[in-house]
Amino acid sequence: MWNPKSTAYLIAAYSAGFPQGSVFFCVVDPDVGSGARTPVVVQCDGNYFVGPDNGQFEIIRRRAAQTRTSRITWQPKELSASFHGRDLYAPISARCATAGFDGLELVEATRFEDWPDDLAEIVYVDHYGNAMSGLRAELVARDAHVNCAAHQFASAATFAKVPRGTAFWYCNSNGLLELAVNQGHAAQMPGLSIGAPVHVIR
Amino acid sequence: MWNPKSTAYLIAAYSAGFPQGSVFFCVVDPDVGSGARTPVVVQCDGNYFVGPDNGQFEIIRRRAAQTRTSRITWQPKELSASFHGRDLYAPISARCATAGFDGLELVEATRFEDWPDDLAEIVYVDHYGNAMSGLRAELVARDAHVNCAAHQFASAATFAKVPRGTAFWYCNSNGLLELAVNQGHAAQMPGLSIGAPVHVIR
Amino acid sequence: MWNPKSTAYLIAAYSAGFPQGSVFFCVVDPDVGSGARTPVVVQCDGNYFVGPDNGQFEIIRRRAAQTRTSRITWQPKELSASFHGRDLYAPISARCATAGFDGLELVEATRFEDWPDDLAEIVYVDHYGNAMSGLRAELVARDAHVNCAAHQFASAATFAKVPRGTAFWYCNSNGLLELAVNQGHAAQMPGLSIGAPVHVIR
C-alpha cells in the first residue's frame, strides 16, 4: 500500500496478456492533492495506462517498444482534494476506452533510473496471504532456493505438489516469483511483508 | 453496521453528484423480516431511494426540495425471511432504473425529527481505517480542532500534508469531516468506532 | 476454503432460483495444476456448471432430473499452472453463456457416493460471521435445537426475533440451516469453523 515502486512491478506483470487497446486505471497515489505529481496517460504498445506520474509506470515503460506520455490537462467541474481516482483518472480512463486519447501536451515522463528491472522484494500480499516478489520467475532457475526474512523456500510447480502447510516458491499466474503455503497463509510468517528483501540462492 | 441512523448521513453524503434519475439501493435493515418497517421508494429531486423506511432516508428527505414516498406493494413469488435486499429491494431498484416507478400508494414517511441535521459522531469506518463523521465539513472552520475519544486532531487538506503516521481531520471526498492517519489506520486508535462522539473545538 | 465437499452443498443451495440457461463458474480447486482432476461442464436441468470434477458438482447432480457431464478439451494458448479459473474455466463459462456448450466428449462424472444428501457440518462462514451448515432447513423441525461445538442454538425466524447478542439458528435465504448471532459474529464462538459437526436435537 502507498507504494508506487512496488506497484510498478505489479502493473508490468498484471498487464501482460490483455488485448491491444486495453485501458489500465492505476491509482496508487499517496501524494494525492499535493500537486507533487503530474497526471498522465501513458501509451505503451497500444495500451493505455492512466494515473499519476509517480513511478507506477516506470517498468511498463521500460519494457515497452513504443511509449508516449501525455499530461492530462482536462479538469473536472469539481475535483476533491483526496480522491483523484474518482474525479480525474476514472473519467479519463473511460474516455480512453471509448474515444481514445490524443493528449496534445506530451511530457517527459519522470524517470526512476535507479530502480532495477526486477525487484528482489515482496511487492504485494494477496487476500490468501501469498507474498509476491517483483522478480520475473522466468529469470530464476527452477531449482533455486529463495530466502526471505530468514525463511527458506524450495520451489514447486503448484500448491498440490507440496504437503498441506508447507511453504514453497513458484512462478505465479502473472509470471512473478511468489512465496506461498499450501492451504495456509504465507504472510503470517514473521517478516514476510511488503518491502522484505528476497534472496535467490543457487 | 446495523445502524439506520448512521446510514442516513452516509446516504445524504454519498448520493450527491449523481446524475438525475439515479437509483440508490439502500438496505441497512436490522429488522428484516420482522414486519416492523414499511418497504418504500423515496423520490427526492429526481432520484430514487429504495429500501426500508427505518430512518435511512430521513436526512436525504430533509435536504431535498421535493420528496414523495411510496409503499412497495409488489411481492416476489418467494420472499425469504432474512434477505429482502435480494428478494424485494433489488428487483424494485431494477424497475426504477429501467421503467421508472409510479407507486400508487403514497405513504407518510416515518419521521425522525429528533435527529440533528449533522451528526457529531463517527458514522462509518472504511477499509483503510478512516473514520467518517456525520458532519458536513463545509460547516466546520478549517482551523478548528476536533476531539474524538480523547484524541485530538488538527486539520490538513490532504494526507500528504502531514508526516507519515500523523492523525488529522480533513474534508473527505464526499464532503464529510473524516478522521485519518497518513499511511496508517485511524480506527485502531482506542475508542474510534461507530457512534463515538466527535467534538469540534474552535 | 480448499474444500470441494463443503462447496458441493453450497453450490446446490446457491444455484436454486436462477433462470434456466444460467452459467455457474465454480472453482474450488486445491489440486489445480496437478492433473488429478478432469475439467468439465456439467449440464443440470438446463443450467451449466463449469469447473473441475472434484466433487463440487456431486450434490447438484444428485438432485437434478437430467444431467450430462462433458470433458473440456479446449486448451487456451497459455495455461498457467495455478490459475485455471482465469485461463480455462472463465473462457469456457463465457462460451456457455453466449454460444452454449456442446461438449462432444461425454465423460462419466466422478461419484462421491458416500457423501450424504445433506451434510451436518459447517460448510461456510460468511463475511458477517454467520456459519452455514450443509443441511436443508426445510428437513429440520422448526422447534428443534441444534448443537455445534458444545454451543446450543434455539431456532428463530429472523435476526430481529432474538435480543441483540443472542445466538440462534434459522433457515437462511438459500434454504440452509445457519447459525447466527443477532448483530454479532457467530464464528467467533470457539469451534464454529468449517467442518464442525452440527447436531439436530428433537
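In this predicted model, chain B can be laid on chain A by a turn of 120 degrees together with a shift of 0.0 Å along the axis, and the RMSD of that fit is 0.0 Å. If you follow chain B toward this axis, the C-alpha nearest to the axis belongs to B:His127, at 7.9 Å.

Now try chain C as the partner. Chain B falls on chain C with an RMSD of 0.0 Å, again by a turn of 120 degrees and with a shift of 0.0 Å along the axis. The two copies are thus related as by a three-fold rotation axis. Here too B:His127 supplies the C-alpha of chain B nearest the axis, 7.9 Å away from it.

Let us look at how the chains meet, starting with the contact between chain B and chain A. It draws 11 residues from chain B and 12 residues from chain A. Between them these two chains bury about 860 Å², with 61% of that area coming from carbon and sulfur atoms. If you go looking for salt bridges across this interface, the rule finds 0. What you can find between chain B and chain A is 2 residue pairs in polar contact, counted with both residues at pLDDT 80 or more. The side of chain B that touches chain A is made up of 4 nonpolar, 6 polar and 1 charged residues.

Turn next to the other side of chain B, where chain C is met. In this interface 12 residues of chain B are in contact with 11 residues of chain C. The area buried between chain B and chain C is about 860 Å², and carbon and sulfur atoms hold 61% of it. For salt bridges between chain B and chain C, the rule again gives 0. The polar contacts between chain B and chain C come to 2 residue pairs, both residues being at pLDDT 80 or more. By class, this side of chain B offers 6 nonpolar, 4 polar and 2 charged residues to chain C.

With the interfaces in mind, we can step inside a single chain. Helix H1 of chain B, residues 4-14, is mostly covered, with 9 of its 11 residues buried. Among those buried in H1(B) are B:Pro4, B:Tyr9, B:Leu10 and B:Ile11. What do the buried residues of H1(B) pack against? Their partners in chain B are strand S3 (47-52), helix H2 (58-63), strand S5 (119-125), strand S6 (131-136) and strand S10 (176-181). At the N-terminal end, H1(B) is capped by B:Asn3, which places a side-chain oxygen 3.1 Å from the backbone nitrogen of B:Lys5.

Helix H2 is worth a visit in chain A as well, where residues 58-63 form it and A:Glu58 is part of it. Is A:Glu58 buried or exposed? A:Glu58 is buried, and its relative accessible area is 0%. Its side chain has polar company: a polar contact of 2.8 Å links the side chains of A:Glu58 and A:Arg62. The side chain of A:Glu58 also reaches the backbone nitrogen of A:Phe112, at 3.0 Å. Setting aside neighbours within four places in sequence, A:Glu58 is in contact with A:Thr110, A:Arg111, A:Phe112, A:Glu113 and A:Trp115.

Staying in chain A, you will find A:Ser93 in helix H3, which covers residues 84-99. A:Ser93 has a relative accessible area of 8%, so this serine counts as buried, the cut-off for that term being under 20%. Beyond residues up to four places away in sequence, A:Ser93 touches A:Val23, A:Phe25 and A:Val50.

The last stop is in chain C. C:Leu177 lies in strand S10 of that chain, residues 176-181. With a relative accessible area of 0%, C:Leu177 is buried. Which residues does C:Leu177 touch, once those up to four places away in sequence are not counted? The list includes C:Ala131, C:Met132, C:Ser133, C:Leu135 and C:Ala137, and further along the chain C:Val140, C:Val146, C:Trp169, C:Tyr170, C:Val198 and C:Val200. For a sense of distance, C:Leu177 and C:Cys96 stand 81 residues apart in sequence, and their C-alpha atoms are 32 Å apart in space.

Notes:
Residues are numbered from 1 along each chain as its sequence is written. Chains are lettered from A and ligands numbered from 1 in the order in which they are written. This is a predicted model: local features need pLDDT of at least 70, side-chain atom pairs count only at pLDDT 80 or more; totals for chains, interfaces and linings use all residues. Side-chain values use heavy atoms; hydrogens and water are left out. Copies are superposed by least squares on the C-alpha atoms of residues with pLDDT of at least 70 in both. Contact means heavy atoms within 4.5 Å. Buried area is the accessible area (1.4 Å probe) that two parts lose on being put together, summed over both. A salt bridge is a side-chain nitrogen of Lys or Arg within 4 Å of a carboxyl oxygen of Asp or Glu. A polar contact is a pair of N or O atoms within 3.5 Å; within protein, one must be able to donate a hydrogen and the other to accept it, and residues adjacent in sequence count only if both atoms are side-chain atoms. Ala, Val, Leu, Ile, Met, Phe, Trp, Tyr, Cys and Pro count as nonpolar, Asp, Glu, Lys and Arg as charged, and the others, Gly among them, as polar. Helices (H or I, at least four residues) and strands (E, at least two) are DSSP runs, numbered from the N terminus. Buried means under 20% relative accessible area, exposed over 50%, partly exposed in between (1.4 Å probe, protein chains only).
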